[in-house]
Amino acid sequence: MRVAVLGAGSVGREVIRALMERPDTLRAADGPAMVLAGIAVRDIARAVAAGMPEALLTDAPAHLVASPDTDVIVELMGGDEPARTLIAVALAAGKPVVTANKHVIAHHGAELEAAARRNGTPFRFEAAVGGGIPVLGPIAADLAANELHAIRGIVNGTTNFILTAMRFDGRPYADVLADAKVAGYAEADPSGDVEGHDAANKLVILVRLAFGQWLDPASIQRAPSRSGADPGLPGITGVSLPDIEAAADQNLAIKLVAAAHRTPDGIVASVLPSAVSLDLPLGRTDGVLNRIEVDGTPIGSVAFSGHGAGGAATSSAVLADLMAVGRQGGSTWAGRSAAASHKAAIAPSPVEAFIGPSGTAYPVIR
Ligand code: HSE
C-alpha cells in the first residue's frame, strides 16, 4: 500500500517517522505492507534539513493525489483549502483518504461523505477528535446497538492545558499559550483553539457519528453570557485568573466543555467555558488530556480519555486508520447510514451558573 502524506507538521512528522522507521509494525496480519511513497510539504529545503528523504519530497500535493504511484492519501495539512479539494479529488478518484482535519470535516463533511459513499471509497478521520483517543470508531461501531442521547467533553487540549496551568501555577494566559504552541498542541492559528472553533468542529464530528446529523459549526454557541452590557467573549478568551480562583474556592474547575444532546426539535449544542465540579472526572481532567462522555441506551454512560493533542499521540490514530484501510476496514462511520446535510444547532437553555468576579456566567456541571 503506497502511502502519500500531505503535510509534515507536528502530526505529519510523527506519521512519516513511523512509516520510515517501523513499517513492519504497522502491517496487519491480513493487510498489505505499507510503503511511504511521497511527502508534500510547503518548503522542501526545510524538510530536507529536518532529515526527510529528498527523493520523496514535493511541494505539489495535487501531484501525489493524482499519481498512479500512490494508493492512499494521508491529509495532515490542516485548514480549509487546498485540503478540502485534495480530499474531494482523492475520494472521487476512488483513492482512500485518512485525515486529522477537523475543520474540513466539520465544514464540508456532508459533501465529502457523499463523495466517499458515491463509489465506496474509505474516508477515515479518527485523529480529528481527541488526538490519540479512540472515540469516533467506538461511537460508530462499538456503540452501534445503542440509541445515543447526549455527548459532553473536553475536546481541546490547548485550552485545557492553558486553563490547568492558570489554575495550578497562576500563570497568565498568553504565557501558557506560547508553551502550548511549542508542544505542538495549538493550531497554526491558535485563535481556533482559544475561541472554541476547534472544539465546535470536533463537536460537529461527534454529533454526526452519535446522532447521524451534520451540524453547521458556526451555529454552535461559543460565548458565555455575562452580567452587564458587554457580551461574553468566545471560548476561553474571557476566562480570568480571578474567575478560576473563585471557582476553585467553590470546588469547581473552569473547563471548555463541548456538549450536545438530542431533543424532539433538533440537536442542542454548545462549546462554553463551564464550571465543572472537582468531584467529577471531567473536572479533574487536566493538562492536555481530553475526556469525552457519551450517554446512551442500553449502555448508560461511557467515557473516553487520553492525550487529546500533540504529534505523537495523534499519529497513533492516523496510523491505525491507515492500517484499517489496508485491511478493508471501510470508513469511520462504519455501517451507519448516511447523514443529512449541515443543519443549525439549537442554543442551550439557561442552567445554574457560577458568576465569576469578571461577571462571566459559567454554566455549572455537577
Ligand atoms: N489544537 C488541537 C487541540 C489539536 O489543542 O486540541 C488536536 O486536535
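This tour visits two helix pairs, one further helix and one loop glycine in a predicted model.

**First stop: α1 and α12**

Please begin by selecting residues 10-21, which form helix α1, together with residues 311-326, which form helix α12. Two packed helices are described by the angle between their axes and the distance between the axes. For α1 and α12 the angle is about 55 degrees, and the axes lie 8 Å apart. The two helices are therefore oblique to each other, and α1 passes α12 in a right-handed crossing.

Next, display the side chains where the pair meets. On α1, select Ser-10, Val-11, Glu-14, Val-15, Ala-18 and Leu-19. On α12, their counterparts are Gly-311, Ala-312, Thr-314, Ser-315, Val-318, Leu-319 and Leu-322. An α-helix has 3.6 residues a turn, so residues three or four places apart point the same way. Coloured by character, the residues of this contact comprise eight nonpolar, four polar and one charged.

**Second stop: Gly-130**

Now select Gly-130, in the loop between β6 (123-124) and α6 (136-142). Is this residue buried or exposed? Its relative accessibility is 0%, so Gly-130 counts as buried, the limit being under 20%. Apart from neighbours within four places in sequence, Gly-130 has contacts with Asn-290, His-307 and Gly-308. Add Ala-313 to the selection: Gly-130 and Ala-313 are separated by 183 residues in sequence, yet their C-alpha atoms are 9.4 Å apart in space.

**Third stop: α7 and α8**

Move to helix α7 (residues 157-169) and helix α8 (residues 173-182). They pack at an angle of about 135 degrees, and their axes are 9 Å apart. That angle makes α7 oblique to α8. Their crossing is right-handed.

Which residues make the contact? From α7 come Thr-158, Phe-161, Ile-162, Ala-165 and Met-166, while α8 supplies Tyr-173, Val-176, Leu-177, Asp-179 and Ala-180. In this contact, eight residues are nonpolar, one is polar and one is charged.

**Final stop: α10**

Lastly, select residues 197-211, helix α10. This helix has 15 residues and spans 20 Å from its first C-alpha to its last, close to the 21 Å expected at 1.5 Å a residue. With a surface displayed around the helix, consider its surroundings: 14 of the 15 residues of α10 are buried, so the helix is largely enclosed by the rest of the structure. Then extend the selection to Gly-212, which follows α10 and has a positive phi, near 70 degrees.

Definitions and conventions: Residues numbered from 1 in each chain as written. Predicted model: local features only at pLDDT ≥ 70, side-chain atom pairs only at ≥ 80, totals over all residues. Heavy atoms only, no water. Axes fitted to C-alpha atoms, helices over the stretch in contact; angles between N-to-C directions. Helix = DSSP H or I, 4+ residues; strand = E, 2+ residues; numbered from the N terminus. Parallel < 35°, antiparallel > 145°, perpendicular 65-115°, else oblique. Left-handed = near helix turned anticlockwise from the far one by under 90°. Contact = heavy atoms within 4.5 Å. Nonpolar A, V, L, I, M, F, W, Y, C, P; charged D, E, K, R; others polar. Expected span 1.5 Å × (residues − 1). Buried < 20%, exposed > 50% of the residue type's maximum accessible area, 1.4 Å probe, protein only.
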